[in-house]
Amino acid sequence: MRVLITGGAGFIGSHLAQAYLQRGDEVYIIDNLSTGSLENINHLKENADYRKRLFVSIDTILNRDIMVELVGTCDVVHHLAAAVGVRYILDHPMESINTNIQGTEKVLELCNKFKKRLLIASTSEVYGKHLHAPLVETDNIIYGPSSKFRWSYAASKLMDEFMSLAYFRTTGLQVTAVRLFNTVGPRQTGTYGMVIPRFVSQALKNEPLTVYGDGRQTRTFTDVEDVVWALMRLIENDQAFGEVFNIGGTEEITILDLASRIVAASNSSSEIKRIPYDEVFGKDFEDMQRRVPSIEKLRALIGFNPKTPLDAILSKVIRFTSKRTNGI
Ligand SMILES: NC(=O)c1ccc[n+]([C@@H]2O[C@H](COP(=O)([O-])OP(=O)(O)OC[C@H]3O[C@@H](n4cnc5c(N)ncnc54)[C@H](O)[C@@H]3O)[C@@H](O)[C@H]2O)c1
């Protein structure tokens with residue numbers, strides 16, 4: 001099978017590419033390296049077997065000519081390219097909206113034109129400011145005002161879901177949207193606000209772990225390999241088309257407890273320091289207090305049951321980061 005992965009040089013995309021190459025498929029990647037990097041896929045290019053089946057285009061999904069060629073060539077498309085990360089969205093508001101709306105529009109239009117199966121990466125952020133758990137795909141959505149720019153990411157991804165469902169309903173496009181909850185693992189960067197890689201780097205340098213807000217906000221974390229497993233099964237499942245699925249873990253933890261666990265697991269002498277949100281993100285920021293998915297819909301369709309507990313995920317990330325820091 002020929003698989004196109006937009007954003008394939010990013011964190012999740014590089015793991016997905018690896019899984020398809022391991023399975024024997026051909027993988028086509030398009031990535032503009034805005035938050036991704038060639039370092040994420042160099043090990044794939046260096047593998048003698050994978051190299052023959054891996055084709056990488058460094059370009060933007062907004063380039064229609066190249067997207068026509070790539071979508072036309074491939075059998076299925078995983079659309080992961082997006083402006084990602086709270087820090088990145090706040091620093092690049094216009095570019096983020098363009099990528100996440102116009103880019104997805106292009107991918108949908110071309111998958112429809114060439115009749116290709118498509119999976120679109122949405123996000124748990126679309127739920128907004130709920131306090132209840134677990135979050136079910138049919139729940140209402142609660143956002144803050146448009147002056148608080150973090151919601152532009154959620155709103156743009158929600159628009160991606162609406163466009164996908166509209167294509168499915170009007171043209172029968174075989175498209176599925178997934179709401180990814182915090183996905184973690186080796187190769188994720190902490191540069192744009194992702195909490196685990198940021199804490200792990202701080203802990204390994206024995207620097208203070210900087211918890212934003214009071215640290216009582218909770219999250220769940222899923223190993224990227226569990227997520228990749230689900231993405232590969234969903235895109236091949238006819239029952240998934242025209243549907244939206246949560247993909248996430250169920251082990252809820254406060255950010256303060258997460259910081260303590262990382263300090264302990266990395267034998268660090270770091271202290272934990274709380275910093276008010278406005279010192280980090282400016283006054284127009286608000287956070288979500290809680291984000292726990294219901295995974296019943298996904299479990300019922302493909303038997304999804306995330307296998308990797310948080311402690312094992314943390315060990316993997318700590319091992320990876322300390323090797324990379326020491327240049328091994
Ligand atoms: N990691 C998570 O916890 C998480 C949670 C929710 C949703 N998601 C979604 O999953 C997808 C992948 O995220 P990730 O965590 O791997 O982040 P990532 O930043 O590592 O991956 C995104 C990739 O898209 C590329 N990209 C951005 N704009 C592009 C453009 N215009 N043209 C081509 N490439 C472009 C980036 O360079 C990057 O490699 C994104 O759509 C994101 O919104 C991720």
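Q: What phi does N206 take, and where does N206 sit relative to α8?
A: Happy to start there. In this predicted model, N206 comes just after α8 and has a positive phi of about 55°.

Q: How should I read the helix before it: which residues of α8 are buried?
A: First, a general idea: an α-helix has 3.6 residues a turn, so residues three or four places apart point the same way. Burial along a helix can then be read residue by residue. In α8, the buried ones are V195, I196, P197, R198, F199, V200, S201, Q202 and A203. Because nine of the 10 residues of α8 (195–204) are buried, this helix is largely enclosed by the rest of the structure.

Q: What covers the buried residues of α8?
A: The cover includes β7 (183–184), β8 (209–212), α10 (255–265) and α13 (310–325).

Q: Let's turn to the nonpolar core. How many residues does the largest one have?
A: In soluble globular proteins, nonpolar side chains tend to be buried together. Here the largest nonpolar core has 91 residues, and those with the most contacts inside it are A17, V27, C111, V178, F199 and L231. Helix α9 (224–234) gives the largest share of this core, seven residues.

Q: Which residues does V27 touch?
A: Leaving aside residues up to four places away in sequence, V27 touches V3, I5, A17, Y20, L21, R53 and L54.

Q: Now the sheet: what is the order of its strands?
A: Strands of a sheet pair through backbone hydrogen bonds, either parallel or antiparallel. In this case, seven strands form an open sheet with parallel pairing, in the order β3-β2-β1-β4-β5-β6-β11. At the edges are β3 (54–58) and β11 (244–247), each pairing on one side only. Neighbouring strands are turned by 20° against each other on average, direction ignored.

Q: How many bridges join β1 to β2?
A: Five bridges join β1 (2–6) to β2 (26–31), and the two strands run parallel. To pick out one of them, T6 has I30 in β2 as its bridge partner.

Q: Which strands do α4 and α9 pack against?
A: Helix α4 (64–73) touches β1, β2, β3 and β4 (76–79), and its direction makes about 160° with that of β2. Helix α9 lies across β4, β5 (117–123), β6 (175–180) and β11, at about 165° to β6.

Q: Finally, which residues come nearest to the ligand?
A: Of the 29 residues around the ligand, the nearest are G7, G10, T35, G36 and A82. Elements giving two or more residues to this shell are α1 (11–23), β2, α6 (93–114) and β5, with the largest share, three residues, coming from α1. By class, the shell has 14 nonpolar, 14 polar and one charged residues.

Definitions and conventions. Residues numbered from 1 in each chain as written. Predicted model: local features only at pLDDT ≥ 70, side-chain atom pairs only at ≥ 80, totals over all residues. Core = buried A, V, L, I, M, F, W, Y, C linked by C-beta atoms within 7 Å. Buried ≥ 20, exposed ≤ 12 C-beta atoms within 10 Å, placed from the backbone. Helix = DSSP H or I, 4+ residues; strand = E, 2+ residues; numbered from the N terminus. Contact = placed C-beta atoms within 7 Å. Pairing = 2+ DSSP bridges. Axes fitted to C-alpha atoms, helices over the stretch in contact; angles between N-to-C directions. Near = placed C-beta within 6 Å. Nonpolar A, V, L, I, M, F, W, Y, C, P; charged D, E, K, R; others polar.
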